[in-house]
Amino acid sequence: MESQKRSRQRRERIDIIAAWSTSGIVAERRRLLIEEQFAQRVTRTGSRFFVPLPLPHSDDLWYHTQVSFLLEALDALPRRPDIAFDSAWKVLEKTAVTRLPTRRGGRPNVTDALKLLSADRRLSGAVTEALLADVPSQTCGYLFKRLVLREPAESSAQARKRLSTGYGAGDGLPAEIDAFLALVEKRYAAPDTDTARRGAMLLRRALSGERLDVGGTPVALSPQARLRILLCGLLYTARNERYHGESFSPFYSSAASIKTYTHPHYLFLAAYALVHLVWAHDQHPYGPSVDAVEENTVLNLREARALYTHHWTA
């Protein structure tokens, strides 16, 4: 039955392109079953899906370049939160890079920019805590697979390397994160599904800031370590896999379900919130207040939970 489903989905993907090859791409294509089910769910629940922060007017060119990508992200919603994340990431990356100290020659290093960002204690406040307190189980499973099970090998190695390499003297976060992951790996790195599920849920609790006992060792990740895992372990890894074509486009998979939508939805929410949080703390004239970012983040997490219900944490 499962093999038949996969075969049918593969045929549908090819048929979509075949139909467009005759008519041209003008009208919206026929939706796949999961896409139709998701659209019906959004309509049935009366969900607002996402509520953006209002932006002030400014003639600043850099600002309007970023606004263009935020509009690109919002245009992709609600149907394609994965594409919305791609666009929001561009703004987060550009915002992070502009905070790097000026260097002679060479391009700004994005990984360094994200590490520097995660070391900013001002960012480890209420907004980040709200994001880390409500990570979907699908996202925790993704993160567990990359950081603990080390799959897929290349992407996992890059993610672990980003977390294990510090930014400048005095950066103690790599040692803290490495020690935590070593404990989790020793306790939960087993191939069976139940162990992986329990390990992913432990990651969820750790990201929320809970003090845990892992194999008899008490551990609680610092706010900066949790923010670095969010930025360098999760968001940047997901971005790279999509950019380099290493992961399957999520909603064309025969395994796609409503739960599948929770992961890219969360990635987008996190990237969007962090962009505005940095703008707020850097006191740009177009930046919102920190309180407004917190209120908006909590609101959009609530909207997501109401839409997905048990799929968010199942």
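Helices here are DSSP runs of H or I with at least four residues, numbered from the N terminus.

**Figure 1. Overall fold of the predicted model.** The structure shown is a predicted model. Its secondary structure comprises 13 helices and two strands. The radius of gyration of the chain, 20 Å, is close to the 20 Å given by the globule rule for 314 residues, so the chain is as compact as a globular protein of that length. Measured out along the principal axes, the C-alpha trace extends over about 60 × 55 × 40 Å.**Figure 2. Burial, contacts and surface of the chain.** Of the 314 residues in the chain, 48% are buried. Among contacts with a separation of 6 or more, 74% join residues 24 or more positions apart. The chain exposes an area of about 15,400 Å². Carbon and sulfur atoms supply 54% of that exposed area.

**Figure 3. Close-up of the largest cavity.** The count of cavities of 30 Å³ or more comes to one. The largest cavity has a volume of about 50 Å³. Its lining consists of Phe-50, Leu-131, Leu-269, Tyr-272, Ala-273, Asn-296, Thr-297, Asn-300 and Leu-301.

**Figure 4. Helices and residue classes around the largest cavity.** Two helices, α12 (258–281) and α13 (290–308), each contribute at least two residues to the lining of the largest cavity. The largest share belongs to α13, which provides four residues. By class, six of the lining residues are nonpolar and three are polar, while none is charged.

**Figure 5. Close-up of the largest pocket.** The volume of the largest pocket is about 800 Å³. A total of 31 residues line the largest pocket. Nearest to the centre of this pocket lie Gln-138, Gly-141, Tyr-142, Arg-146 and His-263.

**Figure 6. Helices and residue classes around the largest pocket.** At least two lining residues of the largest pocket come from each of α7 (137–147), α10 (193–207), α11 (223–243) and α12. The helix that gives the most to this lining is α7, with seven residues. The lining of the largest pocket divides by class into 14 nonpolar, 10 polar and seven charged residues. Helix α12 supplies at least two residues to the lining of the largest pocket, and α12 likewise supplies at least two to that of the largest cavity.

Definitions and conventions
Residues are numbered from 1 along each chain as its sequence is written. This is a predicted model: local features need pLDDT of at least 70, side-chain atom pairs count only at pLDDT 80 or more; totals for chains, interfaces and linings use all residues. Side-chain values use heavy atoms; hydrogens and water are left out. On a 1 Å grid over the protein atoms alone, a cavity is a set of points where a 1.4 Å probe fits but cannot get out, and a pocket is an open set with protein on both sides within 12 Å along at least five of seven lines; lining residues have an atom within 4 Å of a point. Grid points are joined across faces, edges and corners, and a volume is the space filled by probe spheres set on the points. Ala, Val, Leu, Ile, Met, Phe, Trp, Tyr, Cys and Pro count as nonpolar, Asp, Glu, Lys and Arg as charged, and the others, Gly among them, as polar. The radius of gyration is taken over C-alpha atoms; the globule rule is 2.2 Å times the number of residues to the power 0.38. Buried means under 20% relative accessible area, exposed over 50%, partly exposed in between (1.4 Å probe, protein chains only). Contact means heavy atoms within 4.5 Å. Accessible areas come from the Shrake-Rupley method with a 1.4 Å probe; for residues, only the protein chains shown count as cover.
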